[in-house]
Amino acid sequence: MSDVTILQVVPRLETGGSEQSTVEIAAALTQAGAKALVATEGGRLATALEDAGGEIIELPVASKNPLTILANARHLAQIVEDRNVTLLHARSRAPAWSAYLAARKTQRPFVTTYHGAYSGRSGLKTFYNSVMARGDRVIANSRFTAGLITSQYTVPPEHLHVIYRGFDVSAFDADNVAPERIARLREAWGITPDQRVVLQAARLTRWKGHPYTIEAARLLKERDQLGDAVFVFAGDTQGREDYRAELQAEIDAAGLTGIVRLVGHCDDIPAAFTLADLAVVASTRAETFGRTSIESQAAGCPVIVSDVGAASENVVPQSDPDAFTGWVVPTADAHALANCLAEALTLSPQALAEIGQRARRNARERFALHDMQRATLAVYDELLGTGLAATFCPAKHL
């Protein structure tokens with residue numbers, strides 16, 4: 001496949017879903033024998049991209065300035081001709097316009113991936129966003145995202161593909177999480193062996209729903225249903241110290257000091273979910289993928305998610321009692337969350353473990369990295385008539 005050259009276009013290579021996916025697809029292309037180019041302004045994942053076999057072409061593609069977008073389009077068109085690029089793949093709006101114009105000028109296929117929800121409060125903004133629906137193929141990172149696309153734009157169903165983000169599920173396997181990593185977290189968080197842990201792993205920002213979890217914990221205490229459970233909020237403040245202080249004040253006022261704990265950033269999420277008995281995703285705003293709900297399941301940790309965005313489609317709900325992997329509760333409803341927590345906390349360790357085993361299988365079967373990579377290569381194959389997906393052989397089974 002050495003005659004296939006794919007040019008991905010992404011604003012920067014910092015940490016994030018679109019950036020990580022760019023690196024992962026570059027690795028898949030290399031493993032399939034194709035060339036992987038990335039037009040970007042660079043960033044901390046630049047080394048990872050090069051290690052994956054990709055090549056960086058530095059361009060100011062993060063700029064939203066119309067003149068810069070047009071200049072980037074000219075540069076990209078020249079790169080397409082000079083490097084014999086066979087397909088362009090854009091992952092963000094400003095660079096997508098440059099890539100779209102370059103693709104049309106050079107008559108190359110154009111693919112887009114929706115990594116987020118784009119608001120269109122004006123006609124101009126809706127037009128600006130529309131480039132993400134102009135691909136010869138459009139990839140959505142969830143069914144929720146696909147619904148957003150079709151509600152706003154006309155995309156032929158055969159051109160729209162739902163491909164969930166993949167990740168290394170093996171990193172969350174209990175056999176790959178050394179006991180000392182869990183012991184380190186227990187000590188850092190002050191967790192005793194007899195305490196059950198309810199983990200909310202989310203940065204400290206209001207729409208992650210921490211106040212609803214605090215109120216749910218208060219209700220459990222009031223009803224004498226709390227038992228030995230402790231709630232751990234693991235997440236960076238990202239400068240929101242006022243919000244952290246507000247949460248601590250709510251915790252203290254509810255009589256939950258020491259029961260609900262703000263532990264700050266956690267740099268070992270696989271160990272955190274392995275330690276936890278339950279996970280909570282209490283977001284009040286729609287997320288287009290919902291990675292946390294999948295990571296918890298990969299670790300065998302049953303999860304409770306609010307019914308907003310894509311998180312609820314990542315779990316098998318109680319409506320399928322023989323397969324369910326997590327609970328779905330109404331958004332911003334502390335009473336519903338408390339009732340669900342009460343139910344989950346009364347389950348025996350064996351019952352929770354059975355749910356956890358199903359959850360781990362759900363994550364492995366639906367969100368493995370190599371499946372995401374192969375499905376994306378198959379989209380390229382549709383447009384190019386190549387066999388990248390069939391040639392792709394992952395470096396390791398993920």
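Contact here means heavy atoms within 4.5 Å. With that in hand, a good place to enter this predicted model is Thr205, which sits in the loop between strand 8 and helix 8. Leaving aside its neighbours within four places in sequence, Thr205 touches His210, Arg240 and Tyr243. Its relative accessibility is 8%, so Thr205 counts as buried.

The strand on one side of that loop belongs to an open sheet. Six strands make up this sheet, in the order 10-9-8-11-12-13, and their pairing is parallel. Strand 10 (260-264) and strand 13 (326-329) occupy the edges; each has a single partner strand, so one side of each is left without a neighbour in the sheet. On average, neighbouring strands of the sheet are turned by 25 degrees against each other, direction ignored. As general background, strands of a sheet pair through backbone hydrogen bonds, either parallel or antiparallel.

Two of the pairings can be followed in detail. Strand 8 pairs with strand 9 in the parallel sense over six bridges, and Val198 stands opposite Phe231 in strand 9. Towards the other edge, strand 12 (residues 303-306) and strand 13 are joined in the parallel sense over four bridges, with Val329 in strand 13 as the bridge partner of Ser306.

Strand 8 itself is mostly covered, with six of its six residues buried. Arg196, Val198 and Gln200 point one way from the strand, while Val197, Leu199 and Ala201 point the other way, and all are buried.

Helix 11 (residues 291-298) lies across strand 8 (196-201), strand 11 (278-281) and strand 12, and runs at about 170 degrees to strand 12. Helix 11 is also mostly covered, six of its eight residues being buried. These buried residues are Ser293, Ile294, Glu295, Ser296, Gln297 and Ala298. Their cover includes helix 10 (269-275), strand 11, strand 12 and helix 13 (349-366). Just after helix 11, Gly300 takes a positive phi of about 80 degrees.

Helix 8, on the other side of the Thr205 loop, packs against two further helices. In general, two packed helices are described by the angle between their axes and the distance between the axes. Helix 8 (residues 210-222) meets helix 12 (residues 334-345) at an angle of about 60 degrees, with their axes 8 Å apart. Helix 8 and helix 12 are therefore oblique to each other, and helix 8 passes helix 12 in a right-handed crossing. On the helix 8 side the contact involves Tyr212, Thr213, Glu215, Ala216, Leu219 and Leu220, which meet Ala334, His335, Leu337, Ala338, Leu341, Ala342 and Leu345 in helix 12. The residues of this contact divide into ten nonpolar, two polar and one charged.

The packing of helix 8 with helix 9 (residues 241-253) has an angle of about 10 degrees and axes 10 Å apart. Helix 8 and helix 9 are therefore roughly parallel to each other. His210, Pro211 and Ile214 of helix 8 make this contact with Tyr243, Leu247, Glu250 and Ile251 of helix 9. Its residues divide into five nonpolar, one polar and one charged. His210 and Tyr243 bring the account back to its starting point, as both are also in contact with Thr205.

Some backbone details in the loops deserve a look as well. Most residues other than glycine have a negative phi, and most peptide bonds are trans. Gln238, in the loop between strand 9 (229-234) and helix 9, has a positive phi near 50 degrees although the residue is not glycine. With a relative accessible area of 48%, Gln238 is partly exposed. Gln107 likewise has a positive phi, of about 60 degrees, without being a glycine. The loop that holds Gln107 runs between helix 4 (93-106) and strand 5 (110-114). At 72% relative accessibility, Gln107 counts as exposed.

Gly116 is found in the loop between strand 5 and helix 5 (123-129). Its relative accessible area is 18%, and buried means under 20%, so Gly116 is buried. Gly116 and Leu148 are 32 residues apart in sequence, and their C-alpha atoms are 9.9 Å apart in space.

Key. Residues numbered from 1 in each chain as written. Predicted model: local features only at pLDDT ≥ 70, side-chain atom pairs only at ≥ 80, totals over all residues. Heavy atoms only, no water. Pairing = 2+ DSSP bridges. Helix = DSSP H or I, 4+ residues; strand = E, 2+ residues; numbered from the N terminus. Axes fitted to C-alpha atoms, helices over the stretch in contact; angles between N-to-C directions. Parallel < 35°, antiparallel > 145°, perpendicular 65-115°, else oblique. Left-handed = near helix turned anticlockwise from the far one by under 90°. Nonpolar A, V, L, I, M, F, W, Y, C, P; charged D, E, K, R; others polar. Buried < 20%, exposed > 50% of the residue type's maximum accessible area, 1.4 Å probe, protein only.
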